Every structure is written in C-alpha cells, then in structure tokens.
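Student: I would like to work through this model with you, asking about side-chain pairs, burial and helix packing in turn.

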Amino acid sequence: MGRYFELFRSFFKIGIFTFGGGYAMIPIIEREVITRRGWIGEKEFYDLLTLAQSAPGPISLNTAVFVGYKMYGYRGALSALLGVVLPSFVILLLVAMFFSQIRQNPIVDAAFRGMQPIVVAIMLAPVLGFTRGMHWSMMSVAAALALVVWHFELSPIYFLIVGGVAGLAWAAIRGKEVER
C-alpha cells in the first residue's frame, strides 16, 4: 500500500504546484519520475510521453496513467491519476464557487492578463525539451507541421499516423528490426 501512496503523493504534489495546463506539467513530471525518484529512464519517459500525446485526453493525465501503470500496473495507474486530478478538481470547485463574485474585479482581471505570458512560456518549455538531440532538419519539419496544424486547424492525429507509418517504413528500408 505504501508504494501506491508514494505514487499518489508524487503526482498530487505535481498536480497542486503546476499551473498552466497539461504541457506545463510535463517538465515537472519528468523531473519527479526520472531525476528525483529514478522510477523510469529518460528514453522510456519520452516513449510514454509520445504515447500519452497520441492517446485521447489530456497529456498530463495520460502521462500520469502511463507512468503509474508502468510502475505498478492498474493500481499504480489509478493512484497516479487520482494524485494528479484531485488538486485540480478541488481548486476548480473552490474557484467556481467564488469566481463569479470576483471576475469583474479589475485587480483579478489584471492578474489574469499578467499570467498569460508566463503560461505560454510554461507550455513552450516541454516543447523545446523535446528538441534535445533532434537534428535541425527534423526540428524544421516539426515547426512546419505545427504551423500547418495551427493555420489550417487540422487534427494532428493524421500527422501522427503518417509519422508512425513513415518511421516504420524508414526502419524497414534501413533493415533495422522494429522494437515492439
């Protein structure tokens, strides 16, 4: 029971101290599960993160579930999920109860406007982290695809499918065995 609580506590801490959405949680999850706890390796984390990005739902929740499952199976997935969701749920519940009373307050409005650039920076940090070790040509492709998805409002799932098929084809052409 202690290991599930440790997993819950780690993800609860991540959930309570992270602002800015799912992508803002990624560097904190990475630091917690790789650097601080040593639960999984960096390559394995990025593999789980890729899977979390591909799966439907918020990336932070998917990452928590996949890390928890990798660690301790279904109970670990549930522990990590509850840990990362509970703080947000409680905070949102409290905000919803009082937000309508303070929303028109100019101080609150100014605070929200001041936080916007910080949230953008927090969301960009994990994106830039993904580029570590990536060849400049691949970074160019990624940037171009991001612009295409954003400008034409396309679903990224099609690009993920094409990228996966292209990666398999590339591995087959080069004669390398594809890891399962």
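The exchange below takes up salt bridges, then aromatic rings, then the packing of helices.

Student: Before we begin, what kind of model is this, and how many salt bridges does it hold?

Tutor: This is a predicted model, and its side-chain atom pairs are counted only at pLDDT 80 or more. A salt bridge here needs a side-chain nitrogen of Lys or Arg within 4 Å of a carboxyl oxygen of Asp or Glu. By this rule, the count of salt bridges comes to seven.

Student: Which residue forms a salt bridge with E32 at 3.7 Å, and which helices hold the two partners?

Tutor: The closest N and O atoms of the pair E32 and K13 are 3.7 Å apart, which is inside the 4 Å limit for a salt bridge. The two residues are 19 apart in sequence, so the pair ties together separate parts of the chain, with E32 in the helix of residues 22-36 and K13 in the helix of residues 2-17. The partner of E32 is therefore K13, and the helices are α2 for E32 and α1 for K13.

Student: Is E32 buried or exposed?

Tutor: The limit for a buried residue is a relative accessible area under 20%, and E32 has a relative accessibility of 5%. Its partner K13, by contrast, counts as partly exposed because its relative accessibility is 32%. E32 itself is buried.

Student: What distance separates N from O in the salt bridge of R36 and E32, and how are the two placed in the helix?

Tutor: R36 and E32 both belong to helix α2, and R36 counts as exposed at 52% relative accessibility. Their side chains meet in a salt bridge with an N to O distance of 2.8 Å, and along the helix they are four residues apart, about one turn.

Student: Which residues are linked with E32 in a network of salt bridges?

Tutor: K13 forms a salt bridge with E32, and R36 forms one with E32 as well. The network of salt bridges that contains E32 also takes in further residues, and its other members are E6, K13, R36 and R37.

Student: In helix α3, what separates K43 from D47 along the helix?

Tutor: K43 and D47 form a salt bridge, their closest N and O atoms being 3.2 Å apart. K43 is exposed with a relative accessible area of 54%, whereas D47 is partly exposed at 42%. Because the two are four residues apart in helix α3 (residues 42-54), the separation is about one helical turn.

Student: How are the rings of F45 and Y46 arranged?

Tutor: The model has five aromatic pairs, and F45 and Y46 are both buried. The ring centres of F45 and Y46 are 5.8 Å apart and their planes stand at 65°, so the arrangement is edge-to-face.

Student: At what angle do the axes of α2 and α4 cross, and what kinds of residue make up their contact?

Tutor: Residues of α2 including Y23, I26 and V33 meet residues of α4, among them I59, T63 and V84. The residues of this contact divide into eight nonpolar, three polar and no charged. The axes come within 8 Å, and the crossing angle is roughly 35°.

Student: Which residues does S60 contact, leaving aside its neighbours within four places in sequence?

Tutor: S60 is found in helix α4 and is buried, with a relative accessible area of 7%. With the neighbours within four places in sequence left aside, the contacts of S60 are G22, M25 and I29.

Student: Which backbone oxygen does the side chain of N62 reach?

Tutor: N62 is found in helix α4 (residues 59-102) and counts as buried at 11% relative accessibility. Outside its neighbours within four places in sequence, N62 is in contact with A52, A55, P56 and G57. The side chain of N62 reaches, at 3.4 Å, the backbone oxygen of G57.

Technical notes
Residues are numbered from 1 along each chain as its sequence is written. This is a predicted model: local features need pLDDT of at least 70, side-chain atom pairs count only at pLDDT 80 or more; totals for chains, interfaces and linings use all residues. Side-chain values use heavy atoms; hydrogens and water are left out. Buried means under 20% relative accessible area, exposed over 50%, partly exposed in between (1.4 Å probe, protein chains only). A polar contact is a pair of N or O atoms within 3.5 Å; within protein, one must be able to donate a hydrogen and the other to accept it, and residues adjacent in sequence count only if both atoms are side-chain atoms. Contact means heavy atoms within 4.5 Å. Rings of Phe, Tyr and Trp (its six-membered ring) pair if their centres lie within 6.5 Å; planes under 30 degrees apart count as stacked, over 60 as edge-to-face and the rest as tilted. Axes are lines fitted to C-alpha atoms, for helices over the stretch in contact, and angles run from 0 to 180 degrees between N-to-C directions. Ala, Val, Leu, Ile, Met, Phe, Trp, Tyr, Cys and Pro count as nonpolar, Asp, Glu, Lys and Arg as charged, and the others, Gly among them, as polar.
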